[in-house]
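Thanks for asking me to look this one over. Here are my notes, set out as numbered points so that you can follow them with the structure open beside you.

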Amino acid sequence: MRNCAAALRGSSWRRYATIVLAATLAVIFYAWVDQAYSLPWNPDRPSPPTFPAAPLVGACDGVKSHTGGNKPIPNLVHYIWLLADPTVLRLDFKVFVSVYSAHLFFKPDRIYFHTDVAPDVWDRAKVSGDAWTKRVLAIPGVTPNYIENPTLTTTGNDIDTFGAKSDFIRADVLRKFGGIYLDVDAVPLRDVAPLRHSGFASVVGGAVALAPKHTGYVNTGVWLSQPHSTLSEIFYTAMDRFYNGMWAISVSILTDLAYRLHAVPGEVLIMNPRAFAPASWELDDQIRMFKPHRETPPPRASASGSVLDDAAGQPPELKNTCEDALAWLVRREESGRYESWEMDFSATYVLHAFDDYADKIWGWDGKITLKYILARQSNYARAVYPAMWHAIKAGMIPMDETV
């Protein structure tokens, strides 16, 4: 019996060792594959061009070199809104958060919606749309620019997804008008005037990535540009020549061009990822951004039942002084409170808050509502709360909706 038990123990140990070895090899293999297919910094091979240069011969003709003496980038904000149903224009609360924040912090001359909606549908939505649609369209400066929906490149490739259509439109808009392009899930947190006045023809930002293979790219959801900047002109040409239906090809092309033109004086300023996209589009980062921490008590309601923080006065804005850079640390120390989950947005101009996987976050319904913002139990809610506080005080959101 003792020999039998010893044999079984030996067999169990060997099985355990085999499992551990197999798991270790699997991890090593995954890491190797992840590194091997990383772009653009794999040290074991040269970094290949994203696209062949031959079709772009002459792309630089007539393009003036910039030497840092540019005029400020125009204070125009650009959104793109294409309709699946041409008879219905509906804008939700998340769109309101972005557009109102742009209005508040940028104080732009215009907030353009480049859209394929018919003028009568737009006008009807301003009067009889749902509550958030009417509120978005009532924000000062919001202006429609009616456009043709792009469907085909000059090389004959179908432009058949909303994402691809948006890529073409944003480049065309920036080369014609200049200004600040924002995805509708990108939320301004402070004024970008220092970047508009930086002397660069284009300003883009890096993108945070959790997986090494996604590292090194430029974020396409926030882009500041002079009219007819070199980056916008060549990007538009490259997209027309090389778009082939592949998902996110625009990210590769914009990244490649931005880094190439970064070496040309005055052309492209590439910001640290924290400036525009302090969190990635991957699920773990979306959990960190959006998941409510219900163990953190929400603000107490006032006598009227509102959870609006009247007692504290206007929430502090993120500005651009040395004092503002340290303000988050100062407030944390003075209050004596610090949540272990809290993110610091002191270095962030625009929060590109990817929410594609919000409905996959366990323990939350994935709905971004006014009540969710006012509770301030997530990083996203705390980041956008000052703008929503202002919207309520300005009468854009009725006070009774805060109860």
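**Notes on the model**

1. Let me begin with the overall picture. The protein's secondary structure consists of twelve helices and nine strands. Please keep in mind that this is a predicted model. Of the 403 residues in the protein, 47% are buried. Among contacts with a separation of 6 or more, 79% are between residues 24 or more positions apart.

2. Next, the nonpolar interior. The largest nonpolar core has 71 residues, and the members that touch the most others are L89, F96, F113, L182, F276, I373 and Y380. Y380 is a good one to click on: setting aside residues up to four places away in sequence, Y380 touches V97, V187, M289, F290, L351, A353, I368, Y372 and I373. Another core, of 29 residues, lies apart from the largest one, and its members include L56, L174, I249 and I253.

3. Now for a pair of helices. Helix α2 (residues 93-106) packs against helix α12 (residues 379-393) with an angle of about 70 degrees and 9 Å between the axes. An angle from 65 to 115 degrees counts as roughly perpendicular, so α2 is roughly perpendicular to α12. The crossing of α2 past α12 is left-handed. On the α2 side the contact is made by F93, F96, V97, Y100, S101, L104 and F105, and on the α12 side by Y380, V384, A387, M388, H390 and A391. You will recognise F96 and Y380 here, both named above among the residues that touch the most other members of the largest nonpolar core.

4. A second helix pair is worth a look as well. The axes of α7 and α8 are 10 Å apart, and these two helices pack at an angle of about 140 degrees. Here the crossing of α7 past α8 is right-handed. From α7, the residues T230, L231, I234, F235, A238, M239 and F242 meet I249, S250, I253, L254, L257, A258 and L261 of α8. Two of these α8 residues, I249 and I253, are among the members of the 29-residue core.

5. Where does L231 sit? L231 is in helix α7, which covers residues 230-242. Its relative accessibility is 0%, so L231 counts as buried. Not counting residues up to four places away in sequence, L231 touches S202, V204, W223, L254, L257, A258, L261 and V268. L231 and E267 are 36 residues apart along the chain, yet their C-alpha atoms are separated by 7.6 Å.

6. T220 belongs to strand β7 (residues 218-225). With a relative accessible area of 15%, T220 is buried. Beyond its neighbours within four places in sequence, T220 is in contact with R170, Y181, S250, V251 and L254. R170 comes up again in the next point, on charged pairs.

7. Side chains of opposite charge can pair when their charged atoms come close. The structure holds 14 salt bridges. One of them joins R170 and D167, with 3.2 Å between the closest N and O atoms. Both residues lie in helix α5 (residues 162-176), three residues apart, which is about one turn of the helix. Is R170 buried or exposed? R170 counts as buried because its relative accessibility is 6%. D167 is also buried, with a relative accessible area of 10%.

8. Helix α5 holds another such pair: D172 forms a salt bridge with R175, and their closest N and O atoms are 2.7 Å apart. D172 and R175 are three residues apart, about one turn of the helix. The cut-off for buried is under 20% relative accessible area. D172 is therefore buried at 18%, and R175 counts as buried at 19% relative accessibility.

9. My last point concerns helix α8 (residues 249-261). D256 and R260 form a salt bridge there, with the closest N and O atoms 2.3 Å apart. The two are separated by about one helical turn because they are four residues apart in α8. At 13% relative accessibility, D256 counts as buried. Elsewhere, salt bridges with shared partners link D172, R175, K176 and E233 into one network.

Note on methods: Residues numbered from 1 in each chain as written. Predicted model: local features only at pLDDT ≥ 70, side-chain atom pairs only at ≥ 80, totals over all residues. Heavy atoms only, no water. Salt bridge = Lys/Arg side-chain N within 4 Å of Asp/Glu carboxyl O. Buried < 20%, exposed > 50% of the residue type's maximum accessible area, 1.4 Å probe, protein only. Core = buried A, V, L, I, M, F, W, Y, C linked by side-chain atoms within 4.5 Å. Contact = heavy atoms within 4.5 Å. Axes fitted to C-alpha atoms, helices over the stretch in contact; angles between N-to-C directions. Parallel < 35°, antiparallel > 145°, perpendicular 65-115°, else oblique. Left-handed = near helix turned anticlockwise from the far one by under 90°.
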